[in-house]
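Please look through the structure below slowly, with an eye for empty space inside it and for the place where a metal ion is held.

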Amino acid sequence: MKIPGPISIKSDPGVNLLKRIRALMASEDGVQARLDNFVKVISAAMKVNVASIYLRAGNDLELCATKGLKQTAVHTTRLSMNEGLVGNVARRAKLLNLAEASEHPDFSFKEETGEQRFHSFLGVPLLRGGRNLGVLVVQGKRARIFSEAEVENLLTAATLLAEIAVEDERTGGAKARLEGIRLTPTGAERISGRGFADGLAQGRAVLHLPPVTAGHMIAGNTAEEQNRLSKAIRKMRRSVDAMVEGEMGGMSAPSKEIFESYRLFAYDKQWLDRLHEAVHSGLTAEAAVERVRNEHRARMLKARDPYLRARLHDLEDLANRMLRSLGGENLEPGQRQLPENAIVFARNLGPAEILDYDRDRLKGIVLEEGAATAHATIICRTLGIPLVGLADRVLDRVEADDEVLVDGEIGEISIRPTPQDINDFIVRVGIRTQLDLAFEKQKYLKAVTKDGKSISLLLNAGLLVDLPGLDVSGADGIGLFRTEFQFMVAQRMPHLNEQVDLYKRALAAAKHRPVTFRTLDLGGDKILPYADLVPEENPAIGWRAIRIGLSRPGMLRYQLRALLKAGAGQNLRIMFPMVATVSEFQEARGLLDKEVGRIKKLGGTLPEKLEVGVMLETPALAWQIDAICKYADFVSVGANDLLQFFFAADRDNPRVASLYDGLHPAALSLFSHIASRCNANKTHVTVCGEIAGKPLEAICLAALGFENLSMPVTGIGPVKSALLALDAGKLTDLLKPKITAASNAVTLRQTIKEFCAKEGVPV
Ligand code: PEP
Ligand code: MG
């Protein structure tokens with residue numbers, strides 16, 4: 001498809017207006033003088049009778065500058081967000097263009113302004129990020145609809161005004177603030193979210209996508225900017241096309257569909273027209289993308305319909321890609337620069353985006369969204385980066401470079417903290433350091449309970465960056481190697497040699513400790529960061545994991561070949577995810593046998609020992625344990641998925657999170673059943689969901705008969721501490737009578753906590 005050229009707007013595209021705004025921006029005037037000049041410039045350049053600026057003052061809108069209304073009304077006239085046409089624009093974050101203002105149902109007028117003489121009305125919101133800072137209005141005596149070009153010019157002026165006003169406010173100093181007007185958040189704020197990855201961090205806010213600064217908003221040469229924009233669009237499209245058409249796209253029909261619909265947005269004419277119009281009106285390409293992104297974001301925050309929100313997210317993602325490429329950034333994954341002690345704020349981040357950041361400087365992450373078992377979260381846990389998610393509207397409450405404290409333990413962040421907040425935080429960091437030292441001391445101890453039960457503590461891994469965690473934590477091996485991560489962070493499907501290389505490195509890092517590789521577990525939320533476009537009604541229980549592997553055996557066999565090659569002459573453990581029936585496992589094992597046969601035929605080297613296991617993630621398989629134990633060499637309980645299917649509660653949905661409780665008697669009873677049947681069949685069994693890394697849950701799993709727990713690196717120290725202090729027999733005695741079918745308790749969490757307090761088990 002051809003990229004649309006500049007939109008032809010007949011009247012002066014506002015070059016004059018922008019020139020004058022540029023001069024105004026360079027002036028050293030105070031804030032009020034700049035606003036006064038701004039409205040004068042607008043009314044002259046647009047040849048309108050009135051130009052006014054209303055800014056947010058608490059929940060109201062205050063008239064802060066006007067040319068054409070009575071000056072006595074400035075800083076006197078205030079409107080609520082529900083009042084009048086100005087309130088309407090602010091509330092909906094959408095422009096209003098009326099020939100006859102008084103005919104609109106929301107029309108009301110303020111006597112003191114003298115505005116009743118005017119008929120036409122054009123109001124545009126002053127947007128910055130998702131925040132609505134106020135409204136810019138022009139009015140005329142003649143009843144007429146404002147032209148497309150005029151609307152465009154006013155939108156452009158509003159983009160600039162929002163940025164100028166914020167910069168004025170932030171620089172403060174000589175440009176004294178407007179009393180009562182607050183455009184940027186100030187003062188200490190504490191925001192409660194959810195602690196998705198443990199840890200404490202103190203640093204400075206970095207916005208994953210910082211706003212374009214006012215100085216870079218007005219184009220020096222519009223034709224050049226059109227070129228830059230066209231180039232950025234082409235680059236963005238190429239990167240989207242590559243995803244669709246690359247080997248990744250060939251993976252499966254549903255994934256391809258997801259990319260295809262994403263691609264539709266990349267070619268959406270309306271969206272691209274909006275961008276070109278914005279540049280045509282005199283903005284730089286960056287400012288144009290930013291303006292359109294702000295509009296989407298403001299609308300997204302208001303959209304209730306999840307489908308619409310997802311679509312707006314997609315557009316935002318594409319805008320983000322373009323901003324990155326305009327900034328000269330390569331769209332290939334790479335190192336994104338960060339200042340020291342950076343706390344990155346974003347709406348959401350995919351696993352690849354996290355890995356793009358400079359690891360040494362990235363100290364914490366705060367997200368407006370995110371989920372406890374999302375894969376970005378799992379990556380933060382493996383890397384030991386504290387992550388607070390579900391931080392409501394945090395992007396509207398933080399500014400770049402604000403001081404921030406992140407508490408991943410309790411899921412709280414402090415922005416612009418008070419000295420008292422900082423002191424309290426330092427005390428907590430001290431306690432945490434003591435704990436880390438204690439974990440370090442016990443690193444070479446085996447996790448043996450007081451009554452002599454030995455528990456093997458293993459690591460969950462998936463990327464090269466996870467591997468040092470083996471030695472850092474003193475883990476007994478890798479209990480779950482999520483092979484799909486390598487696929488998720490790549491731009492195309494990794495070639496055989498790339499796969500072999502990663503698996504070899506994992507085996508080498510383990511130094512003869514066991515490594516259990518799980519075959520590709522794609523689908524569900526594991527497609528790419530924009531997986532919310534999954535066209536299935538219920539992706540978590542749809543076409544995913546082994547189901548994809550069995551219906552697209554070519555790809556699974558390719559991976560099995562890589563695994564066998566990497567494990568030549570060594571012990572190799574492979575397991576299949578999301579198996580629901582014994583026959584699925586047999587079929588998958590059959591594919592592995594074929595690959596083994598192929599190597600034999602070619603005279604290649606086979607692994608010295610090959611063990612093939614199954615992930616128990618579906619309740620159905622829990623009722624076929626005796627059967628599956630006949631065929632599988634080991635069982636690994638994927639508790640993340642198992643619990644979501646058991647309680648019919650989406651693992652990523654905070655609204656149903658309380659249902660998703662591993663310490664519910666029914667869940668503990670299920671775990672007990674699995675452990676006892678596997679033990680009775682003498683089949684090696686591990687728990688590898690996130691609960692295995694939580695001390696309270698982990699001691700229960702040990703008490704119910706699990707001798708192998710696989711967890712994120714940050715779980716090993718705390719779980720080992722708890723196990724070392726545990727009399728497992730006593731806990732078994734406490735739990736067994738409480739987890740029968742007759743139990744009606746909601747959760748045993750409190751009971752177990754009390755047990756730990758009494759027994760001195762640190763949890
Ligand atoms: C699980 O479901 O518990 C599991 C370990 O797999 P994943 O979290 O990768 O779905
Ligand atoms: Mg799973």
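The paragraphs that follow go from the cavities to a helix beside one of them, and then to a metal site.

Keep in mind that this is a predicted model. Rolling a probe the size of a water molecule over the atoms shows where empty space is left. In this structure there are six cavities of 30 Å³ or more, and the largest of them has a volume of about 120 Å³. Its lining is made up of 15 residues, with Leu85, Val86, Ser108, Glu115 and Phe121 lying nearest the centre. Sorted by class, the lining of this largest cavity has eight nonpolar, four polar and three charged residues.

Which helix gives the largest share of that lining? It is helix α3, residues 84-92, which contributes three residues. Because seven of the nine residues of α3 are buried, the helix is largely enclosed by the rest of the structure; the buried ones are Gly84, Leu85, Val86, Gly87, Asn88, Val89 and Ala90. Among the elements that cover these buried residues are the strands β1 (50-57), β2 (60-67) and β5 (120-128). Just after α3, Ala93 takes a positive phi of about 50 degrees.

The magnesium ion (ligand 2) is coordinated by Glu617, through OE, and by Asp641, through OD, at 2.0 Å. This pair links distant parts of the chain, 24 residues apart, since Glu617 sits in the loop between β20 (609-616) and α19 (619-622), whereas Asp641 belongs to helix α21 (residues 639-646). Glu617 counts as buried because its relative accessibility is 3%, which is under 20%, and Asp641 is likewise buried, with a relative accessible area of 2%.

Conventions:
Residues numbered from 1 in each chain as written. Chains lettered and ligands numbered in written order. Predicted model: local features only at pLDDT ≥ 70, side-chain atom pairs only at ≥ 80, totals over all residues. Heavy atoms only, no water. 1 Å grid on protein atoms, 1.4 Å probe; cavity = no way out; pocket = protein on both sides within 12 Å on 5 of 7 lines; lining within 4 Å. Points joined across faces, edges and corners; volume = space filled by probe spheres on them. Helix = DSSP H or I, 4+ residues; strand = E, 2+ residues; numbered from the N terminus. Nonpolar A, V, L, I, M, F, W, Y, C, P; charged D, E, K, R; others polar. Donors = N, O, S within 2.8 Å, 3.2 Å for Na, K, Ca; no water. Buried < 20%, exposed > 50% of the residue type's maximum accessible area, 1.4 Å probe, protein only. Contact = heavy atoms within 4.5 Å.
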